[in-house]
Amino acid sequence: ANALILTNNLNAYATSPIKQKEVDVKHFFNNETKILTLYTNTKLTEVVIYDIIGQETFRKRLTNIRYHINLSKLKKGVYIAKVKGHNLTKTIRLVIK
């Protein structure tokens, strides 16, 4: 894609569109242990979990390809987990019983 050049009297900035690619993340949530397991072939950078009304309830920095994340402190309900890597994102729906 073509880069967009923004100018003003002092500076010129070149920007290019960044496409968010879908991460191939395998996941499993065990409702008995409240452990979310994530694994992928791409290094991940962060997982952020939101409740159903959009409030952030959990955030963890990631630096590897396999994780076991304890979510026992979250209340029962429906949550959305956003798993991020470098220019990558994956959205996962969680139901905690």
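In the predicted model, the chain reads β-β-β-β-β-β-β-β-β-β along the sequence, with ten strands and zero helices. Of its 97 residues, 29% are buried. The accessible surface of the chain amounts to about 7200 Å², and carbon and sulfur atoms contribute 51% of this area. Among contacts with a sequence separation of 6 or more, 46% are made by residues 24 or more positions apart.

Strand 6, which spans residues 44–51, is mostly covered, with six of its eight residues buried. Strand 6 is paired with strand 9 (residues 77–85) in an antiparallel arrangement that comprises seven bridges; within this pairing, Leu 44 has Gly 85 as its bridge partner. Strand 6 is also antiparallel to strand 7 (residues 56–61), to which five bridges connect it. Here Ile 49 is bridged to Phe 58 of strand 7. Strands 6 and 7 constitute a hairpin in which four residues lie between the two strands, and Gly 54 in the turn adopts a positive phi of about 95°.

Ile 69 belongs to strand 8, which covers residues 66–70. Ile 69 is classed as buried because its relative accessibility is 2%, whereas the cut-off is under 20%. Beyond its neighbours within four places in sequence, Ile 69 contacts Lys 34, Ile 35, Leu 36, Leu 38, Val 47, Phe 58, Lys 60 and Leu 62. One of these residues, Leu 36, is 33 residues from Ile 69 along the chain, yet the C-alpha atoms of the two are 5.0 Å apart. Phe 58, also in contact with Ile 69, is the strand 7 residue that serves as bridge partner of Ile 49.

How values were computed: Residues numbered from 1 in each chain as written. Predicted model: local features only at pLDDT ≥ 70, side-chain atom pairs only at ≥ 80, totals over all residues. Heavy atoms only, no water. Buried < 20%, exposed > 50% of the residue type's maximum accessible area, 1.4 Å probe, protein only. Contact = heavy atoms within 4.5 Å. Areas by Shrake-Rupley, 256 points an atom, 1.4 Å probe, with all protein chains shown as cover. Pairing = 2+ DSSP bridges.
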